[in-house]
Number of protein chains: 2
Amino acid sequence: MMNDALQYAQQHQARFQAQLHELIRIPSISTLSQHNEDMRRAAEWLVADLLHSGFERVEVMPTGGHPVVYGEWLGAGMDAPTVLIYGHYDVQPAALEDGWSSAPFEPFIKEDYIYGRGAVDNKGQIVAQLKAVEALLASPNKAPVNFKFLIEGEEEISSVHLAQFVRDHAAMLQADVCVISDTGMRDVETPQLCYSLRGLVYMELHVYGPSDDLHSGTGHTIHNPAQALAEIIVKLHEPDGRIAAPGFYDDVQTLDPAERALLNEDALTEAYWLEQTGAPMTWGEPEFTLVERMGIRPTLEVNGMVSGFYGEGSKTVIPAKAMAKLSCRLVANQKAERVYQQVRDYIIQITPPGVRSELKLLSSGEAAYTDPQHPSIQAAIAAYEKGWGKKPTLYRGGGTIPIVADIQQILGLPVVLLGLGVGDGVHGPDERYHLEAFRRGIDTAIYFYDEIAHSHQHTANGA
Amino acid sequence: MMNDALQYAQQHQARFQAQLHELIRIPSISTLSQHNEDMRRAAEWLVADLLHSGFERVEVMPTGGHPVVYGEWLGAGMDAPTVLIYGHYDVQPAALEDGWSSAPFEPFIKEDYIYGRGAVDNKGQIVAQLKAVEALLASPNKAPVNFKFLIEGEEEISSVHLAQFVRDHAAMLQADVCVISDTGMRDVETPQLCYSLRGLVYMELHVYGPSDDLHSGTGHTIHNPAQALAEIIVKLHEPDGRIAAPGFYDDVQTLDPAERALLNEDALTEAYWLEQTGAPMTWGEPEFTLVERMGIRPTLEVNGMVSGFYGEGSKTVIPAKAMAKLSCRLVANQKAERVYQQVRDYIIQITPPGVRSELKLLSSGEAAYTDPQHPSIQAAIAAYEKGWGKKPTLYRGGGTIPIVADIQQILGLPVVLLGLGVGDGVHGPDERYHLEAFRRGIDTAIYFYDEIAHSHQHTANGA
């Protein structure tokens, strides 16, 4: 059946791409309420696609926020393993004025890439999964495993309602393994498998000074809130890049030397990273390599900042307030709630007395980890070898998929991050997905389900 | 003729207010190009008003930017003194979302105040001048002095083209004294006369890091431009509030103890200032009083700041760039160009190596000073006593009217700052002008022109 499926995928490749374009065209931005209707349209697109592939149960299920799309095909039978496939249909905000070369929700193909918001994160990768499963179900013998799709609409706003949804529907979601294609690789010739993700705490820091903006002729008599915000931001880090909030590193796991060595085998060079980012030099804790800073160290970053007048021309005001968006990436065994409290308490301590400050918690997600020796990770390694033509290197990811830790903890499942992403511009302008990665990704997923079926059979026989 | 004029002003007070409403209703925001048509409408309103009062020569005269409105009445004859009255018809930007309680360009009267952008700065005060002159010209004997009105449209963008205009039309603008009503007083019972103004340097600081916004999962590997901007801003001041740029205070004049004592006679109390601003505590150089910090000390303030994502919700980016609007108030004998260079050189020095920075000069204006003993200042003191019912206290102003220094230098005229402003919200939300100040202001201006005529006669007789 696998060969039938691979052949089907090859034959329908053009349609698969056209379908991905369709989904990108829907601006399903979860964080902006004016796009709620687009969120609904994206969910309906997924429902139609799952029904077309032959899924038996397909539902748009409510949450406290944007709905979950759930699809179930149990045709492989009770003895076959069941795979829970997680993905998300929401995207980050995107607008031409952010620096896009063309309209972010009008996808097009140029030099081997599909351009558009969501092309890689996550529409391209979830469509690759949907199409791999469609190809398997279209083959005469159908699929060797059962499928449950769980596609949410709040990943880009830290999956605020998904943990509760998973708790409420734990029986429905029961499976043998969870697979998530929402991670990337450096380039199309270098498959990489992520076995660890960082957590995230997203916060808003507000600084308040005078009750209204003042004429700047009254300057140097009260503390300027923009300046006070700058003072707070500077104190968040030590000069060497360490985060200054007391206790921040208390729960950070020390890596064993073997894993640290493994991690650095495929080390990102400074030259490559400077070329990739365009920054004049690197920054951060000198005793950790770039790969380590991104994978095994926590961070605290300013994601945005605003105060007073910033339009065209000049306005001589002293702003009444200033705001910064701050977020931390967390590593095992840090807990989001505790980190938020540490940062909040520290900010209270360092707020200059001439202003008031407030740190709001917007969202959070915990860090996650799957042992690289687990059979399902080994199945993924074998699948990449066949589908991608090369063994993947293993790495710890710098990003956060909040649901990974929740699925591990609530459902007790191993989670395989079957990353199929090759591209750029994730969360930034000109997001794009490599077409060859999309194609190889579909094949790799087909091989992966075959590997999972065999490994299950092997385990079952051995028991 | 003075009594006729005072009576006329009293009889037409309701119409004068209605006319001020008309002018406020035109959103003549010089810094925003979409308001160019409104700028033209405001200029035409002034032309119509001057013609209606009997001015003989009225013109809208081009500059490199927004035009100047010029009006001339020389009916007092060659032996009478000529007064050049300067004002501006442009206003600062204003929008409901800046915190206004109602639409900023829909003026209304509530509890003795006219509300609206420009009510005090400068539409209310220039209309008071226009109406004082109208009242004099409407009286049987006309006015005892000749009038030249010079009303510009770029004061809120640092009078970028006015100095050149004054140089180009120096003969046309020749006069015996220049009067400007664009300063304020604490409350309607406390007339205050400003004899010194500060200069202004308005700048934009840009900080550039990576070429595009990055996913924040790559944090702590390059220097975050928002954080780097914060680091630069913090280093602009010493902890005690002094500006840290080397040489910044080199040209600052030391005040003689007598003037310093005089200045502090009417000292602003800390309690009053905190109540007025709503700030939790005062800030600034401890060895100078609040009045001194606002009048005789230079400042460096952040007027605004923007970077990355600052909308609703969360977006996990590392911004590619960050920007701050910075401005300095200058005192005699600082020079704007030199201060800009000092700040620019210092910023080059303190810019962290992981980012690039650029400091752009947007506009500038020099500080100005008129000797309080000058006869025209003494005439103003007498006019306040009659028109306002109380002798004014003298002070050094914290604001900047760039043209004052230019008029002094180019035309060689004494400048009297006949401030008629009582209100709040100048450059901020809910700008308002006290109606009684508008009324008394018109009377005070009428008395002032009478005093000027007498003082001129006295000087002429004495010569």
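A residue is called buried here when its relative accessible area is under 20%, and exposed when that area is over 50%. With that in mind, the tour below walks through a predicted model, one selection at a time.

**First stop: the cysteines**

Select C194(A), which is buried because its relative accessible area is 1%, well within the limit of under 20%. Over all chains the count of disulfides comes to zero, and C194(A) accordingly takes part in none, the nearest cysteine sulfur being that of C178(A), 13 Å away. In chain B, select C178(B), whose sulfur is 13 Å from the closest cysteine sulfur, in C194(B), and therefore too far for a bond. C178(B) is also buried, with a relative accessible area of 0%.

**Second stop: strand β6 of chain B**

Now select residues 146–152 of chain B, which make up strand β6. Is this strand enclosed or open to the outside? Seven of the seven residues of β6(B) are buried, so the strand is largely enclosed by the rest of the structure. In a regular strand the side chains alternate between the two faces of the sheet. Colouring the two sides of β6(B) separately gives N146(B), K148(B), L150(B) and E152(B) on one side, with F147(B), F149(B) and I151(B) on the other, and both faces are covered, since these residues are all buried.

Next, add the strands that pair with β6(B). Strand β2(B) pairs with β6(B) in the antiparallel sense over five bridges, and within this pairing Y70(B) has L150(B) as its bridge partner. Strand β3 of chain B, residues 82–88, pairs with β6(B) in the parallel sense over seven bridges; here T82(B) has N146(B) as its bridge partner.

**Third stop: aromatic rings around β6(B)**

Over all chains, the aromatic pairs number 23. One of them is formed by F55(B) and F149(B), a tilted pair with 5.7 Å from centre to centre and 55° between the planes. This pair links distant parts of the chain, for F55(B) is in the loop between α3 (36–53) and β1 (57–61) of chain B, whereas F149(B) is in strand β6, 94 residues apart. Both F55(B) and F149(B) are buried.

Then select W73(B) and F147(B), which form another tilted pair, with 6.4 Å from centre to centre and 35° between the planes. Here too distant parts of the chain are linked, with W73(B) in strand β2 (residues 68–73) and F147(B) in strand β6, 74 residues apart. W73(B) and F147(B) are both buried.

Move across to chain A, where W73(A), F147(A), F448(A) and Y449(A) form one aromatic cluster.

**Fourth stop: a charge over a ring, in each chain**

Select R186(A) together with Y272(A): the charged end of the arginine sits over the tyrosine ring, 5.8 Å from its centre. In chain B, the charged end of R186(B) sits over the ring of Y272(B), 5.9 Å from its centre.

**Fifth stop: the sheet that runs through both chains**

Show both chains as ribbons and follow an open sheet of eight strands, with antiparallel pairing, in the order β14(A)-β9(A)-β13(A)-β11(A)-β11(B)-β13(B)-β9(B)-β14(B). Its edge strands are β14 (356–365) of chain A and β14 (356–365) of chain B, each of which pairs on one side only. From one strand to the next the twist averages 25°.

At the chain A end, strand β9 (residues 199–208) and β14(A) pair in the antiparallel sense over nine bridges, and V201(A) has S364(A) in β14(A) as its bridge partner. Helix α6 of chain A, residues 225–235, packs on the sheet, where it touches β9, β11, β13 and β14 of chain A together with β11 of chain B, and its direction makes about 20° with that of β13(A).

**Last stop: backbone details in the loops**

Select D121(A) and N122(A), which are joined by a cis peptide bond with omega near 10°; N122(A) is found in the loop between β5 (113–115) and α4 (123–138) of chain A. Another cis peptide bond, with omega near 5°, runs from A332(B) to N333(B), and N333(B) is in the loop between β13 (321–330) and α10 (336–350) of chain B.

Finish with H427(A), a residue other than glycine with a positive phi, near 75°. H427(A) lies in the loop between β18 (423–424) and β19 (432–434) of chain A, and is buried, with a relative accessible area of 5%. In chain B, D430(B) also has a positive phi, near 55°, and is found in the loop between β18 (423–424) and β19 (432–434) of that chain. D430(B) is partly exposed, with a relative accessible area of 22%.

Note on methods: Residues numbered from 1 in each chain as written. Chains lettered and ligands numbered in written order. Predicted model: local features only at pLDDT ≥ 70, side-chain atom pairs only at ≥ 80, totals over all residues. Heavy atoms only, no water. Phe/Tyr/Trp six-rings, centres within 6.5 Å; stacked < 30°, edge-to-face > 60°. Helix = DSSP H or I, 4+ residues; strand = E, 2+ residues; numbered from the N terminus. Buried < 20%, exposed > 50% of the residue type's maximum accessible area, 1.4 Å probe, protein only. Lys NZ or Arg CZ within 6 Å of the ring centre and 35° of its normal. Pairing = 2+ DSSP bridges. Axes fitted to C-alpha atoms, helices over the stretch in contact; angles between N-to-C directions. Contact = heavy atoms within 4.5 Å. Disulfide = S-S within 2.5 Å.
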